[in-house]
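Open the model in your viewer and keep the sequence panel visible. The stops below go from one helix to a set of charged pairs.

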Amino acid sequence: MSLDRSAEFRALTPVEVCAEIDRGAILIDIREPTVFAVAHLPGSINVQFSARRFAERVASVIPAGAMVVLLGDDESRVVAAASDLATGS
């Protein structure tokens, strides 16, 4: 997976998320599948976060070089997921 390792990670407002999606970003929902099933944004892809091969699992469902927006319900897990994607862990 090719990600811009210089990119900074920051929280986005709902308006900013919509703007990123309009620009072609893919929304990866890292919440548990049961939570995703109950309420998720249309078009989002569920890849539950765990440290085990997260970047590899994301790379298997999105095109190489795609811009990604992460959605989660725990800030520390979102930061860990972003870090894993940036390092390819």
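Select residues 75–87, helix α4 (helices are DSSP runs of H or I with at least four residues, strands runs of E with at least two, numbered from the N terminus). The expected span is 1.5 Å times one less than the number of residues, so the 13 residues of α4 should span 18 Å, and the end C-alpha atoms are indeed 18 Å apart. This is a predicted model, in which local features need pLDDT of at least 70 and side-chain atom pairs pLDDT 80 or more, while totals for chains, interfaces and linings use all residues. Residues are numbered from 1 along each chain as its sequence is written, and side-chain values use heavy atoms, without hydrogens and water.

Within α4, colour A81, A82, D84, L85 and A86: these are buried (under 20% relative accessible area; exposed is over 50%, partly exposed in between; 1.4 Å probe, protein chains only). Now show α3 (54–59) and β3 (68–71), against which the buried residues of α4 pack. Step on to G88, which follows α4 and has a positive phi near 75 degrees.

Next, the salt bridges (a side-chain nitrogen of Lys or Arg within 4 Å of a carboxyl oxygen of Asp or Glu). The structure holds four, including these three stops:

- R10 and E16: the closest N and O atoms are 3.4 Å apart. R10 is exposed at 56% relative accessibility, and E16 is partly exposed at 28%.
- R23 and E20: the closest N and O atoms are 2.6 Å apart. R23 is exposed, at 58%.
- R31 and D29: the closest N and O atoms are 2.7 Å apart. Both R31 and D29 are buried.

Technical notes. Contact means heavy atoms within 4.5 Å.
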